[in-house]
Amino acid sequence: MHERQWRRINIGLLAAIILVNLYTIALPFLPGLSYWWKHRDNTTPPRVAAIVEATKSENGTPLPGNRLIIPRMDMNTEIVEGPERTWGANLKKGAWRLPFSTNPSQGGNTVIAGHRFTYTESRSIFYYLDKLQIGDEIGIRWDGKLYNYRVESSRTVPPTEVSVQQPTEDDRLTLYTCTPIFNPVNRLVVVAKPVKEAN
């Protein structure tokens, strides 16, 4: 090959390396940018009941399974069930209810965890968890019954702070994920309390 051809190949490879690196750097920001664009007019998110109604299947029945519904996050997703020993595989599937926690019909502390962001998995289910605000609605449809919650707190704790997963005397929903996105050394914990039960 001539020197000119080698130079073109080197320039092409360098350009490809730069593009891959730029994409890798930009990828964690893309969902946030998409969220900002979609919500740039600062409209109030729809209510839980509206989300449930809008996401019914074609024949008018609710989507299958136990579901986590968070209007502020544009979310209506199935809750993953699975044993603690397979926690890594469970988190890859989506919003995982920790098996040692309760479910909404039992009361106490219902704990659901999910990935914030991963390069290798598409289920970054709690990417927008930091968008939740005090007073936001969260719904859980469990065994065909809708349980409504309202966000009461959002805080960052170290991973050693396992008390967020412990049983509680009061009824609550605890959602948590790793944070921050680039160096997930802590946990973002959102706690919501029940407001009323519907259907």
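Where is Asp 143 found? Asp 143 sits in the loop between β5 (137-142) and β6 (145-157), where helices (H or I, at least four residues) and strands (E, at least two) are DSSP runs, numbered from the N terminus. The model is predicted, so local features need pLDDT of at least 70 and side-chain atom pairs count only at pLDDT 80 or more, whereas totals for chains, interfaces and linings use all residues. Residues are numbered from 1 along each chain as its sequence is written, and side-chain values use heavy atoms, with hydrogens and water left out.

**Overall fold and backbone**

The protein has 4 helices and 8 strands, which follow one another along the sequence in the pattern α-α-α-β-β-α-β-β-β-β-β-β. Of its 199 residues, 38% are buried, a class defined by under 20% relative accessible area, with exposed meaning over 50% and partly exposed in between (1.4 Å probe, protein chains only).

Phi of Asp 143 is near 50°, a positive value in a residue other than glycine, and Asp 143 counts as exposed because its relative accessibility is 63%. Asp 74, in the loop between β1 (67-70) and β2 (75-80), also has a positive phi, near 55°, but Asp 74 is partly exposed at 37% relative accessibility. In the loop between β7 and β8 lies Pro 180, and the peptide bond that joins Thr 179 to Pro 180 is cis, with omega near -10°.

**Salt bridges**

A salt bridge is taken as a side-chain nitrogen of Lys or Arg within 4 Å of a carboxyl oxygen of Asp or Glu, and the whole structure holds 6 of them. The table includes some of these pairs.

| Acidic residue | Basic residue | N to O distance |
|---|---|---|
| Asp 136 | Arg 72 | 2.8 Å |
| Asp 130 | Arg 116 | 3.3 Å |
| Asp 170 | Lys 193 | 3.1 Å |

In the pair of Asp 136 and Arg 72, Asp 136 belongs to the loop between β4 (109-113) and β5 and Arg 72 to the loop between β1 and β2, so this salt bridge ties together parts that are 64 residues apart in sequence. Both Asp 136 and Arg 72 are buried. For the pair of Asp 130 and Arg 116, Asp 130 is partly exposed at 39% relative accessibility, while Arg 116 is buried, with a relative accessible area of 8%. Lys 193 and Asp 170 also belong to a network of salt bridges that links them with Glu 152 and Arg 172.

**Pocket and surface patch**

On a 1 Å grid over the protein atoms alone, a pocket is an open set of points where a 1.4 Å probe fits, with protein on both sides within 12 Å along at least five of seven lines, and lining residues have an atom within 4 Å of a point. The largest pocket holds about 390 Å³ of space, and its lining comprises 20 residues, of which Trp 87, Leu 91, Gln 165, Tyr 176 and Arg 187 lie nearest its centre. Strand β7 contributes the most to this lining, with 3 residues. Arg 187 itself is in strand β8 and is partly exposed, with a relative accessible area of 22%; its C-alpha is 5.5 Å from that of Thr 177, although the two are 10 residues apart in sequence.

Elsewhere, Leu 14, Ile 18, Leu 19 and Leu 22 make a nonpolar surface patch of about 400 Å², and Leu 14 belongs to helix α1 (residues 3-26). Such patches are made of residues with over 30% relative accessible area and no salt bridge, nonpolar side chains (Val, Leu, Ile, Met, Phe, Trp, Tyr) being joined within 5 Å.

Terms used: Grid points are joined across faces, edges and corners, and a volume is the space filled by probe spheres set on the points. Patches are made of residues with over 30% relative accessible area and no salt bridge: like charges are joined within 9 Å, nonpolar side chains (Val, Leu, Ile, Met, Phe, Trp, Tyr) within 5 Å. Accessible areas come from the Shrake-Rupley method with a 1.4 Å probe; for residues, only the protein chains shown count as cover.
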